[in-house]
Amino acid sequence: MQERTRWIWLMVFMAVFLISLSAAALQNTGPEEMVLEGGRTGDVSFPHRRHQTALDQKCEICHDLFPQKIGSIQELIDQGKLKSKEIMNKHCVKCHREMKREGKQTGPISCTQCHDKE
Ligand code: HEC
Ligand code: HEC
Ligand code: HEC
């Protein structure tokens, strides 16, 4: 009898384990690398995965401002909910600047290091 109870618990444990494993595998973490629209100053290559890793998987740092969808920044700009360059200045460059000031490894601050045109 006790043996059977132990088996049942083991099966329950395995089931929960497998379900959480597949949930983690199914979470869409988006592309590793992407190219963001930068208008006349040229496109911006953005290492998405490296940010997820460097920022300890805290997706909300960025995705509280725009949804997890390709083109969502531009969509919010078109809807007037974000100003052009608002994400760039108040988010990307702001974070890079603050981390640089603290002497930490971070991303670029100068225009041409992000945009592929002058
Ligand atoms: C440093 C900022 C930043 C962080 C942190 C970040 N993302 Fe993103 N993510 C972006 C940007 C930028 C886009 C593209 C938005 C656009 O094209 O306008 C994006 C797009 C996405 C997409 C859309 C992919 C597609 O094919 O439509 C998914 C999914 C996504 N992110 C998931 C995540 C998850 C999950 C995390 C946390 C583990 C995360 N992101 C952390 C900046 C970030
Ligand atoms: C960390 C990377 C980064 C740096 C550094 C950067 N940009 Fe950007 N820039 C972006 C991103 C991402 C966007 C698109 C999102 C937005 O509009 O906020 C953008 C958007 C823009 C736009 C708007 C494009 C349009 O036509 O809608 C202009 C203009 C621009 N940047 C100019 C500059 C100039 C000038 C500098 C230097 C003073 C600069 N950027 C530095 C990432 C960067
Ligand atoms: C909260 C802080 C934070 C935000 C917000 C952020 N970054 Fe970064 N960025 C980093 C860090 C940290 C690194 C260094 C990652 C590493 O060590 O691999 C980095 C690296 C980069 C690099 C790579 C530079 C290289 O050496 O190849 C680019 C390009 C970049 N960021 C662009 C952006 C753009 C565009 C945005 C806005 C959409 C953005 N970042 C938002 C922290 C941030």
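Select Phe-13 to begin: because its relative accessibility is 53%, this residue counts as exposed (over 50% relative accessible area, where under 20% is buried and in between is partly exposed, with a 1.4 Å probe and protein chains only). The model is a predicted one, in which local features need pLDDT of at least 70 and side-chain atom pairs pLDDT 80 or more, while totals for chains, interfaces and linings use all residues. Residues are numbered from 1 along each chain as its sequence is written, ligands are numbered from 1 in the order in which they are written, and side-chain values use heavy atoms, without hydrogens or water.

Phe-13 lies in helix α1, residues 2–26 (helices are DSSP runs of H or I with at least four residues, strands runs of E with at least two). Now add Trp-7, Leu-10, Met-11, Met-14, Phe-17, Leu-18 and Leu-21, which together with Phe-13 make a nonpolar surface patch of about 860 Å² (residues with over 30% relative accessible area and no salt bridge, nonpolar side chains being joined within 5 Å; a salt bridge is a Lys or Arg side-chain nitrogen within 4 Å of an Asp or Glu carboxyl oxygen).

Next, select ligand 3 and the 19 residues around it, of which Arg-50, His-51, Cys-92, Cys-95 and His-96 come nearest (a heavy atom within 4 Å). A polar side-chain atom of Arg-50 lies 2.8 Å from an oxygen atom of the ligand, whereas His-51 places a polar side-chain atom 2.8 Å from a nitrogen atom of ligand 3.

Finally, colour the shell by element: β2 (44–46), α2 (48–54) and α5 (86–101) each supply at least two residues, and α5 gives the most, with five.

Methods:
Patch = residues over 30% accessible without salt bridge, like charges linked within 9 Å, V, L, I, M, F, W, Y side chains within 5 Å. Areas by Shrake-Rupley, 256 points an atom, 1.4 Å probe, with all protein chains shown as cover. Polar contact = N/O pair within 3.5 Å; in protein donor to acceptor, adjacent residues only side chain to side chain.
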